[in-house]
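The following exercises are to be worked with the sequence and the structure side by side. Each task is followed by a solution in steps.

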Amino acid sequence: MLQLNVRDETSPLKAVVLGRAESSGPIPRPEEAYDPKSLEHILAGTYPIEEDMVREMAAFDAVLKKHGVRVFRPEVIEDCNQIFSRDIAFVIEDKLIKANILPEREKEFEAILHVLDVIDPDKILVPPPSVHVEGGDVMPWKEYIFVGTYRGEDYASYITARTNTAAVAYLQEQFPHKVIKSFDLRKSNTDARQNALHLDCCFQPIGRDKAILHKNGFLVEEEYQWLLDYFGRENVFEISNEEMYQMFSNVFSISPDVIVSERSFTRLNTWLRDRGFTVEEVPYYEIGKQEGLLRCSTLPLVRE
Ligand SMILES: NC(=O)NCCC[C@H](N)C(=O)O
């Protein structure tokens with residue numbers, strides 16, 4: 001049995017699910033896209049090909065293994081995009097919460113049932129259908145659980161709004177000893193530069209006391225300001241609109257000292273190295289075309 005344990009975003013990683021790109025299906029039709037960046041690449045004829053994405057994920061897998069991480073992979077479901085394991089379930093403390101994900105992505109969960117077999121069933125939580133939540137929006141951090149949400153009345157019209165206010169209330173009920181801090185995120189179904197698809201698309205804690213942050217991802221300025229004040233301006237790497245689009249905030253922590261990043265993120269990677277981080281660079285540009293990157297591809301199960 002695997003003893004689940006995830007209390008933050010950066011403690012040394014022991015076990016993780018890494019998504020996979022094999023048999024991820026044909027190029028979707030424009031009306032099948034569920035994020036604006038994929039849509040952009042479908043329309044431009046630049047949607048990533050499977051071979052390239054498999055190669056990128058293999059490079060990520062090799063880095064995780066080099067650092068002694070036990071890596072689980074989903075079973076292959078034919079013609080099903082299973083790259084972004086982050087969103088199908090997430091672990092907080094010793095509980096795995098099944099996400100109530102976009103209906104278009106529901107069957108991805110079946111591919112990790114073999115992982116659930118090594119987890120105590122009492123530790124698996126299944127939220128009611130009214131709770132919409134995806135792991136990209138949820139981040140345990142010290143006494144907090146940070147949650148990205150969309151509070152607008154027009155929630156249902158955004159395929160890019162994945163975590164609702166019922167999820168915020170649900171997480172508070174399940175983790176009463178935690179402070180749930182929610183953030184209203186900017187959404188666009190059509191413009192990837194105006195869309196924070198999940199919280200990890202505009203913010204992520206790194207190291208012991210640092211964060212990557214993008215102001216325009218937040219609809220409420222005080223909520224962005226709260227994060228800036230909490231981490232302290234000198235500990236925050238602020239990213240531009242273009243860097244958010246390139247998914248700079250979606251790097252992945254193997255430990256407080258080791259971060260996996262995209263090889264072209266020169267400004268970020270230099271800032272990290274200057275602050276003593278070990279940066280493991282991998283090619284992940286093709287996967288980035290689907291509005292997800294390294295954090296989105298992982299589902300941490302055990303951190304020290
Ligand atoms: N945590 C994340 O931001 N996940 C990325 C998911 C991208 C995928 N194309 C989606 O729209 O669900």
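**Exercise 1. Overall build**

What percentage of the 304 residues in the protein do buried residues make up? Describe also the overall dimensions and the contacts.

*Solution.* The model is a predicted one, in which local features need pLDDT of at least 70 and side-chain atom pairs count only at pLDDT 80 or more, whereas totals for chains, interfaces and linings use all residues. Residue numbers start from 1 along each chain as its sequence is written.

Step 1. A residue is buried if 20 or more other C-beta atoms lie within 10 Å of its own, exposed if 12 or fewer, and partly exposed in between, with C-beta atoms placed from the backbone. By this criterion, 46% of the 304 residues are buried.

Step 2. Helices (H or I, at least four residues) and strands (E, at least two) are DSSP runs, numbered from the N terminus. The protein has eight helices and 15 strands. Its radius of gyration is 18 Å, close to the 19 Å that the globule rule gives for 304 residues, so the protein is as compact as a globular protein of that length. The radius is taken over C-alpha atoms, and the rule is 2.2 Å times the number of residues to the power 0.38. The C-alpha trace spans about 45 × 45 × 45 Å along its principal axes.

Step 3. Two residues are in contact if their C-beta atoms, placed from the backbone, lie within 7 Å. Of the contacts with a separation of 6 or more, 74% are between residues 24 or more positions apart.

**Exercise 2. The sheet that contains β1**

Determine the strand order and the packing of the sheet.

*Solution.* Step 1. Two strands pair if DSSP finds at least two bridges between them. The order in this open sheet of three strands is β2-β1-β15, and the pairing is mixed. β2 (70-72) and β15 (298-303) are the edge strands with a single partner strand each, so one side of each has no neighbour in the sheet.

Step 2. β1 (residues 13-18) runs parallel to β2, with three bridges. V16 has V71 in β2 as its bridge partner.

Step 3. Axes are lines fitted to C-alpha atoms, for helices over the stretch in contact, and angles run from 0 to 180 degrees between N-to-C directions. Helix α2 (residues 50-66) lies across β1 and β2, at about 165° to β1.

**Exercise 3. The sheet that contains β7**

Trace this sheet from strand to strand, then locate the helix that packs on it.

*Solution.* Step 1. Another open sheet of three strands, also with mixed pairing, has the order β6-β7-β8. Its edge strands, β6 (138-141) and β8 (179-184), each pair on one side only. The twist from one strand to the next averages 20°.

Step 2. Four bridges join β6 and β7 in the antiparallel sense, and M139 stands opposite F146 in β7. Two residues lie between the strands of this hairpin, in which K142 has a positive phi near 55°.

Step 3. On the other pairing, β7 (residues 144-149) runs parallel to β8 over six bridges. T149 has D184 in β8 as its bridge partner. Helix α4 (residues 165-174) packs on the sheet, where it touches β7 and β8, and its direction makes about 165° with that of β7.

Step 4. The loop between β7 and α4 contains A156. This residue counts as exposed because it has 9 C-beta neighbours inside 10 Å.

**Exercise 4. Strand β10**

To which strands is β10 joined, and in which sense, parallel or antiparallel?

*Solution.* Step 1. β9 (residues 203-206) pairs with β10 in the antiparallel sense over four bridges, with I206 opposite K210. Three residues separate the strands of the hairpin, and G207 there takes a positive phi near 60°.

Step 2. β10 runs parallel to β11 (residues 236-238), with three bridges. I212 has F237 in β11 as its bridge partner.

Step 3. In β10 (residues 210-213), K210 and I212 point one way and A211 and L213 the other way; all are buried.

**Exercise 5. The ligand shell**

Which of the 16 residues around the ligand come nearest?

*Solution.* Step 1. A residue is near a molecule if its C-beta atom, placed from the backbone, lies within 6 Å of it. Those that come nearest are D35, G136, H198, G292 and C296.

Step 2. The shell has five nonpolar, five polar and six charged residues. Ala, Val, Leu, Ile, Met, Phe, Trp, Tyr, Cys and Pro count as nonpolar, Asp, Glu, Lys and Arg as charged, and the others, Gly among them, as polar.
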